[in-house]
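This briefing goes through selected features of one protein model, moving from its sheet to a helix, the salt bridges and an internal cavity. Please keep the sequence and the coordinates at hand while reading.

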Amino acid sequence: MRVLFVCGGTGGHINPALAVAGYLKKQRPDTQILFAGSPLGMEAKLVPKAGFDFAPIKVKGFQRQFSWHNIKNNVMAVVYLTTSGRRSRQILREFRPDVVMGTGGYVSGPLVRQAAKMGIPTLTHEQNAFPGVTTKLLSKYVDCVMLAVPEAKKYLSPNARCVVTGNPVREAFFTADRQAIRKKMGLDGKICVLSFGGSLGARRVNEAMAELIAHNKNNPDIFHIHATGAYGTELFPKLLREKGVSNSKTNKNLDIREYIYDMPECFAAADLVIGRSGASTISELEASGKASILIPSPNVAENHQYHNAMTLVRKNAAVIIEEKDLTGQRLCTEFDRLCAEPERLRLLGKNAAGLAITDANERIYQQIEKLFSKN
């Protein structure tokens, strides 16, 4: 079987595809897998790092807000759109996939659509309760739309064939050995805090986390792993210096990175996770059974990160701080409150684990098999 995965833009679109690809190789070791995505996107780094072949295709998303930067972006988006069809056909003819699967992001649109036009079995996966533009468009053409939650179906084409699968999560989130990982990281007896603001980074999250790290700088029993994101690589060290915190190269209780590539291991080591509430993060929190403080991004369609977060909050599986209410002081207060109640911290994690859909990868794999058998 030959399967082409198409994804890009953010980790929230890339990681689900990597999870399914890994599961597929485990079930069918002889499967040939190719990923396609933008050569300028995160996928160009993450996919080869995960051990899969990568085919670049130049595609840009259109920006709706008016600015000179966005005008230039949209001009390039039009240019790339005129060449994406030819490049899509080239990738499909050279790789000859039996099945093509998209997981969202603007790069999925032209390639998955072209595959459908060429009669290749296609499917796409939507991670959020409110589907993105690409999923809405592709739902008219693909053989199957896989959904994280049934509520998403009402926003799609009435003729779309929809199946609820949940969100795919890499198996390592379920199986990572917490004790072995913590021992390797030297965390015996320490509270480990894992934090991130999304793959590109979020200024408000970075600012609040810098204050929390400064708040804990004299406590040798608290270890911080923080991902600054691409936009925070220069800002975050500056924020720490302003607050009198030594950099992560000399501070044994700090691990500051641009991006976290070993996320399952970091989740396993963590006692508390602080970050955005994208669909993948929610599923990873559930899979690993972690307590969390969630800060939904307000800059997303239909405010879907807030609704994602509330699925945990309503089940007493997370704490929420909306960005409009986020300050360093508020974050420090919530952190101190949770650390003062270790039983509540454990309960939040236990409740999160109770919400996990543990067989999402298997459900998606069965849909791929079904299309392959019909081909």
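**Sheet and overview**

An open sheet is formed by six strands, arranged in the order 10-9-8-11-12-13, and their pairing is parallel. At the edges lie strand 10 and strand 13 (319-320), each of which pairs on one side only. The model described here is a predicted one. The points below take up the pairing of two of the strands, the packing of helix 9, the salt bridges and the one cavity of 30 Å³ or more that the structure holds.

**Strands 8 and 9**

- Strand 8 (residues 191-196) pairs with strand 9 in the parallel sense, over six bridges, and Phe196 has Ala227 in strand 9 as its bridge partner.
- Ser195 has its place in strand 8 and is buried, its relative accessible area being 0%.
- Beyond its neighbours within four places in sequence, Ser195 is in contact with Met209, Ile225, His226, Ala227 and Ile274.

**Helix 9**

- Within helix 9 (residues 235-242), the residues Leu235, Phe236, Leu239 and Leu240 are buried; viewed down the helix axis, the buried residues fall within an arc of 130°, so they line one face of the helix.
- Arg241 and Glu242, on the other side of helix 9, are exposed.
- The packing partners of the buried residues of helix 9 are helix 8 (203-215), strand 9 (222-227) and strand 10 (254-257), and the last of these is an edge strand of the sheet.
- Just after helix 9, Gly244 adopts a positive phi of about 75°.

**Salt bridges**

- The structure holds 13 salt bridges, and among them is the one between Arg276 and Glu323, whose closest N and O atoms are 2.7 Å apart.
- The pair of Arg276 and Glu323 links distant parts of the chain, 47 residues apart: Arg276 is in the loop between strand 11 (272-275) and helix 11 (279-288), whereas Glu323 is in the loop between strand 13 and helix 13 (328-339).
- Both partners of this pair, Arg276 and Glu323, are buried.
- Asp255 and Arg257 form a salt bridge in which the closest N and O atoms are 2.8 Å apart.
- In the salt bridge of Glu334 with Arg330, the closest N and O atoms are 3.4 Å apart; the two residues are four residues apart in helix 13, and therefore about one helical turn separates them.
- The partners in helix 13 can also be described by their accessibility: Glu334 is buried, with a relative accessible area of 8%, while Arg330, at 32% relative accessibility, counts as partly exposed.
- Arg178, Arg182 and Asp271 are joined in a network of salt bridges.

**Cavity**

- The structure holds one cavity of 30 Å³ or more, and the largest cavity has a volume of about 50 Å³.
- The lining of the largest cavity is made up of Asn15, Pro16, Ala19, Asn167, Pro168, Val169, Arg170, Phe173, Ser280, Ser283 and Glu284.
- Helix 1 (11-27) and helix 11 each contribute at least two residues to the lining of the largest cavity.

Note on methods. Residues numbered from 1 in each chain as written. Predicted model: local features only at pLDDT ≥ 70, side-chain atom pairs only at ≥ 80, totals over all residues. Heavy atoms only, no water. Buried < 20%, exposed > 50% of the residue type's maximum accessible area, 1.4 Å probe, protein only. Arc of directions from axis to C-beta. Contact = heavy atoms within 4.5 Å. Pairing = 2+ DSSP bridges. Salt bridge = Lys/Arg side-chain N within 4 Å of Asp/Glu carboxyl O. 1 Å grid on protein atoms, 1.4 Å probe; cavity = no way out; pocket = protein on both sides within 12 Å on 5 of 7 lines; lining within 4 Å. Points joined across faces, edges and corners; volume = space filled by probe spheres on them.
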